[in-house]
Structure formats: structure tokens, C-alpha cells
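Here are my notes on the model you sent over, set out as numbered points. I hope they help as you look through it.

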Amino acid sequence: MFEFAINSVAPKYELYHELVRSADALTDGETDAVANMANVAALLWEYLPDVNWTGFYRMVDGELVLGPFQGKAACIRIAVGEGVCGTAAASGETQLVADVHAFPGHIACDANSASELVVPVKRKGEVIAVIDLDSPSLMRFDADDAAGIEALAEVLANRI
Ligand code: SME
């Protein structure tokens with residue numbers, strides 16, 4: 001139904017520009033949060049090279065609960081403050097982790113994960129979800145990836 005042109009040699013900011021544009025188009029006018037998160041998890045999986053998990057944890061009654069994702073089955077509940085996702089939720093800050101094994105309290109859902117990027121999605125200043133990306137490569141994510149996913153989080157703030 002939707003076809004997106006992915007140019008793998010494009011600079012990273014162009015990749016994220018296309019990704020955010022596609023996510024915006026796919027979620028525009030759709031009020032179902034699960035449908036929107038499912039499509040965005042699929043877009044992240046399709047667009048981003050060298051990832052083994054892309055998806056969402058949602059803030060539900062004060063804890064993070066697994067949302068739509070691509071990749072291996074993952075842990076379902078994460079306490080705020082625990083692991084990389086819980087740290088992003090507690091602080092409201094993006095977590096860019098070059099080596100997950102060096103992150104105190106990292107929660108290993110997929111033993112292949114080596115680096116991770118977690119970006120909080122905020123609505124009216126409250127964290128309502130986090131976007132989680134895992135890679136089997138060390139130092140896979142940098143500040144450009146963080147900026148790209150932060151732009152995505154802004155688009156999704158009122159759509160999930
Ligand atoms: N590694 C995460 C847990 C979620 S999985 O990566 C899908 C963490 O430490 O919070």
C-alpha cells in the first residue's frame with residue numbers, strides 16, 4: 001500500500017528526514033495509537049541498517065509496558081528508573097549507549113544487542129512512551145541518530 005524510496009547511501013540527516021516524513025504521512029489523521037506505533041516500528045525496521053530491535057514501550061500506570069515492535073520477543077514490563085528504557089523515562093532524556101554491557105542495570109532482552117538508543121516521547125512535558133532501538137554493533141548510534149529519533153518522537157507525541 002505504501003512504498004517509500006530508501007536511499008541507503010544518502011547522508012544520515014536525509015535518511016531521517018525521509019523517515020520522519022513517512023511516519024508523519026502514515027500516522028496523519030489516524031487516532032489509533034497501536035496502529036500508529038506498529039507502522040512506525042515497521043518503518044524504523046525498514047529504514048535503519050544494522051538494528052536488531054525497533055519499537056515502543058508505553059507508560060502505563062507508572063511503568064513501561066511493551067508496545068508494538070520489530071525484532072525478537074522482549075521483556076514486557078520495565079520499572080521507571082531501570083535499564084536504559086527506564087532511565088530515559090525517569091530522566092526524560094535521550095539515552096545513547098555505545099556499549100550496553102557498560103551500562104549499569106541494562107536489561108538484556110536479546111543477547112545480540114551491543115548498543116542502544118532510547119528516546120522519550122513526551123506530551124505536555126510528560127513521558128508517555130519511549131522509542132527503543134537496539135543494534136548488534138557497538139557504537140552503532142550517534143548524535144545524528146538521536147536527533148532523528150527525537151524529531152520522530154515530536155511528530156508522534158499527539159498520535160500515540
Ligand atoms: N535493553 C532495554 C530493554 C528493552 S530491550 O532492549 C527491547 C533496557 O535496558 O531498558
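1. A word on terms before the surface figure: accessible areas here come from the Shrake-Rupley method with a 1.4 Å probe. On that basis the chain has an accessible surface of about 7,900 Å², and carbon and sulfur atoms contribute 52% of that area. Please keep in mind throughout that this is a predicted model.

2. Next, the overall dimensions. For 160 residues, a compact globule would have a radius of gyration near 15 Å, and the chain's value of 14 Å agrees with that. Along the principal axes, the C-alpha atoms occupy a box of roughly 40 × 35 × 25 Å. Of the 160 residues in the chain, 47% are buried. Among contacts with a separation of 6 or more, 52% involve residues 24 or more positions apart.

3. On the secondary structure: the chain contains 4 helices and 6 strands. Read from the N terminus, the elements follow the pattern α-α-β-β-β-α-β-β-β-α.

4. How are the 6 strands ordered in the sheet? They form an open sheet in the order 3-2-1-6-5-4, with antiparallel pairing. Strand 3 (77-79) and strand 4 (95-97) each have a single partner strand, so at these edges one side of each strand lacks a neighbour in the sheet. From one strand to the next, the twist averages 25 degrees.

5. Looking at one pairing in detail, strand 1 and strand 2 run antiparallel and are joined by 7 bridges. Within this pairing, Y57 sits opposite L66 of strand 2. As general background, strands of a sheet pair through backbone hydrogen bonds, in either a parallel or an antiparallel way.

6. Two helices pack on the sheet, and they are worth viewing together. Helix 3 (residues 83-91) touches strand 1, strand 2, strand 3, strand 4, strand 5 (115-123) and strand 6 (126-135). Helix 4 (residues 143-156) is in contact with strand 1, strand 4, strand 5 and strand 6. The direction of helix 3 makes about 30 degrees with that of strand 5, and for helix 4 the angle with strand 5 is likewise about 30 degrees.

7. Now the aromatic side chains: how many aromatic pairs does a search of the whole structure find? The search gives 2. In one of them, the ring centres of W53 and Y57 lie 5.9 Å apart with planes at 25 degrees; stacked pairs have planes under 30 degrees apart, so this pair counts as stacked. The rings of W53 and F69 are also stacked, because their centres are 5.1 Å apart and their planes meet at 15 degrees. This second pair connects distant parts of the chain, with W53 in strand 1 (residues 53-60) and F69 in strand 2 (residues 63-71), 16 residues apart.

8. Taken together, these ring pairs link W53, Y57 and F69 into a cluster. Which of its members are buried? Both W53 and Y57 are, and W53 has a relative accessible area of 4%. F69, by contrast, is partly exposed at 27%.

9. Finally, a residue you may like to inspect in helix 3 is T87. Its relative accessibility of 22% makes T87 partly exposed, because buried means under 20%. Leaving aside residues up to four places away in sequence, T87 touches G81, E82, G92, Q95 and F103. T87 and P120 lie 33 residues apart in sequence, with their C-alpha atoms 9.7 Å apart in space.

Note on methods. Residues are numbered from 1 along each chain as its sequence is written. This is a predicted model: local features need pLDDT of at least 70, side-chain atom pairs count only at pLDDT 80 or more; totals for chains, interfaces and linings use all residues. Side-chain values use heavy atoms; hydrogens and water are left out. Rings of Phe, Tyr and Trp (its six-membered ring) pair if their centres lie within 6.5 Å; planes under 30 degrees apart count as stacked, over 60 as edge-to-face and the rest as tilted. Buried means under 20% relative accessible area, exposed over 50%, partly exposed in between (1.4 Å probe, protein chains only). Two strands pair if DSSP finds at least two bridges between them. Axes are lines fitted to C-alpha atoms, for helices over the stretch in contact, and angles run from 0 to 180 degrees between N-to-C directions. Contact means heavy atoms within 4.5 Å. The radius of gyration is taken over C-alpha atoms; the globule rule is 2.2 Å times the number of residues to the power 0.38.
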